[in-house]
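Here's a quick tour of how the sheets and helices in this model fit together. Have the structure open and follow along.

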Amino acid sequence: MENERVKKLFDDFKCAAETLKEKAVEKVHIIYHDDADGVTAAAILKASLERRQIQVKMICIEKLYPEIIEKLHSEKGKVYIYADIGAPHADRISSVNKGRNLTIILDHHDTLPSSDPAVINLDPELYGISGEEEASGATVCYLFSKILSERNVDLAHLAVIGSSEIPGPVRGLNLIALEDALKVGTIQVKQVNEEKKYLVTAYGRPEPREKIASKLTAMAAIGYYIGGPKRAVNACLSGFSERDLQFIKELDQQRRKVNRQLIAKLKHSGIRQARFVQWFHAYDAYKGMGVKTIGTFCSYLSFQKWINQGKYLIGFMYMSRVIPELGELSRDYVKFSARVPKQLALAIRDGRMPPISTALSEAAKVFGGFADGHDVAASGVIPRGFEKEFIKKLDEIISRCAASSSPFKPKVQRYS
C-alpha cells in the first residue's frame, strides 16, 4: 500500500511534466517561500526549467494573501508553479483560477485537494505521505525536476539542504534526494556519536546543511525587502560570494540585536497568558525585515525554561504592505507565528490536543485572515487591530477541542 501511494505520486509528477511539455510552455512564474526550503525549491525549479529553455519569472512570497491569489489568477494564459507554498490555499487558488492558468503546486504543507483541473496539486499529504516528517518542499520540487530530466540529479543537494528543517534522520521521500546527492558526490554523511551529520560539498569545503540553510533563510527572510530572496537563489546555484557572506553577517547582527531587546522586554514584563495560549507582540521591532523573523524567534523562545511548556506560544508582528515584484496590499496586517513547546507537542502527537495549524486556521477565518503550517509549527495573517480578539477566539477553539472525547488522529498515514 505504501509503495502504491508513492507510485501514484510519481505517476502524477509525470503527467504534470508531460503537460508542460505538450503545451510547449515558454515562460513560468515561480512563486516561492522565503525560507531555506522555499529558496532551494525555487533554485531547483529555476535551473531545471531554464535547462529546457523555458523563461522563468521569480516571485518570493512571505504569506499567500487572498489579494495575491486574486492578482495572479484573475489574468489568463499564464503558467504558475508554487514552490513550498500554496498547498494550504489550493481551494482558493482553484476557485479564483477557474481554468485560466496552468498551475502546479509543489509543496508539503497541510492541504486540500484542487477543484480546478488546471490546478495540479502535487502535495505528498494528498497521497498519505507526511510533509511534516518525510518530504520537504525542496524535495517535492527536486523529484518533479528529476522527472523533467535525469540531468537534474546534480540538484539533489539542494533538496537535502531544504529538508534540514525536518528534524531527525532523513527518511521517506527526502531519502531519495539524499541517496542521489551521495551518488553524485555533493553530500557526505558523517556519523557523530549516535547522530548522522549531512555535509554539503557542492560549494567547496564540506559544510553542515543546517549552516547553509541558516544562511539562505537569513538572506531571503531577513533581507526580504532588499533583494535577499534573489541573492539566496543565486547562491544556491553558484555558491556564496564574499559580498553574500558580508550581507548575511549584517542581517544576522540586525536580527540578533532585536531578539536580545525582545527577550529582555519579555523577561521583564512577562508573556501574556490565556488558558491554553501564551502570547506576545513585537509590534514594529522587526521593521524592515521579513516576517519569517517572528517565526524563528518563536522557535528559539519555545525551548526556553521560562516559557510555559504546556501552552501554545503565539507571537505577533506588524507587517509592511509592500510585496516586492507585485505591489502593495490594500490594508494593514499583522503576522502571527505559533510554536508548540516539547511537552505540548507530545500531547498533540498522542491525539490529546489539537494541531496548532488546525486551531489557527479556524480562528483566523473569523477575522478575515488565514493560517497554514504543520501540527506543531504554523503561522498566518489577520488584519491589524484584532490581535486580542484573535487570542480569545483561539483559546476558545482549543478549549472546545480539548474538551472533546474524540482523540485527534494523525491527518495522514506515515510511510518510511
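In what sense do strand 7 and strand 8 pair, and over how many bridges? Keep in mind that this is a predicted model. Strand 7, covering residues 195-200, pairs with strand 8 in the antiparallel sense, and 2 bridges hold the pairing. For one spot to look at, take L199: its bridge partner in strand 8 is P208.

Zoom out a little and you'll see that these strands belong to an open sheet of 3 strands, ordered 6-7-8, with antiparallel pairing. Strand 6 (187-192) and strand 8 (207-208) are the edges; each has a single partner strand, so one side of each has no neighbour in the sheet. Helix 7, residues 173-184, packs on this sheet and touches strand 6 and strand 7. The direction of helix 7 makes about 110 degrees with that of strand 6.

Now for the other sheet. This one is open too, with 5 strands in the order 2-1-3-4-5 and parallel pairing. Its edge strands, strand 2 (55-61) and strand 5 (119-121), each pair on one side only. From one strand to the next, the twist averages 15 degrees. Strand 1 (residues 27-33) runs parallel to strand 3 (residues 79-83), and 4 bridges join them. Look at I31 here: its bridge partner in strand 3 is Y82. Helix 5 packs on this sheet, touching strand 3 and strand 4 (102-106), and its direction makes about 125 degrees with that of strand 4.

Here are the two helix-on-sheet packings side by side:

| Helix | Strands touched | Angle between directions |
|---|---|---|
| Helix 7 | strand 6 and strand 7 | about 110 degrees with strand 6 |
| Helix 5 | strand 3 and strand 4 | about 125 degrees with strand 4 |

What about the two helices themselves? A packed pair of helices is described by the angle and the distance between their axes. The axes of helix 5 (residues 137-148) and helix 7 come within 9 Å and cross at roughly 60 degrees. That angle makes helix 5 oblique to helix 7. The crossing of helix 5 past helix 7 is left-handed.

Which residues of helix 5 and helix 7 make the contact? Helix 5 brings T139, Y142, L143 and K146, while helix 7 brings L173, N174, I176, A177 and D180. By type, the residues in this contact of helix 5 with helix 7 divide into 5 nonpolar, 2 polar and 2 charged.

Key:
Residues are numbered from 1 along each chain as its sequence is written. This is a predicted model: local features need pLDDT of at least 70, side-chain atom pairs count only at pLDDT 80 or more; totals for chains, interfaces and linings use all residues. Side-chain values use heavy atoms; hydrogens and water are left out. Two strands pair if DSSP finds at least two bridges between them. Contact means heavy atoms within 4.5 Å. Axes are lines fitted to C-alpha atoms, for helices over the stretch in contact, and angles run from 0 to 180 degrees between N-to-C directions. Angles under 35 degrees count as roughly parallel, over 145 as roughly antiparallel, 65 to 115 as roughly perpendicular and the rest as oblique. A crossing is left-handed if the near helix is turned anticlockwise from the far one by less than a right angle, and right-handed if clockwise. Ala, Val, Leu, Ile, Met, Phe, Trp, Tyr, Cys and Pro count as nonpolar, Asp, Glu, Lys and Arg as charged, and the others, Gly among them, as polar.
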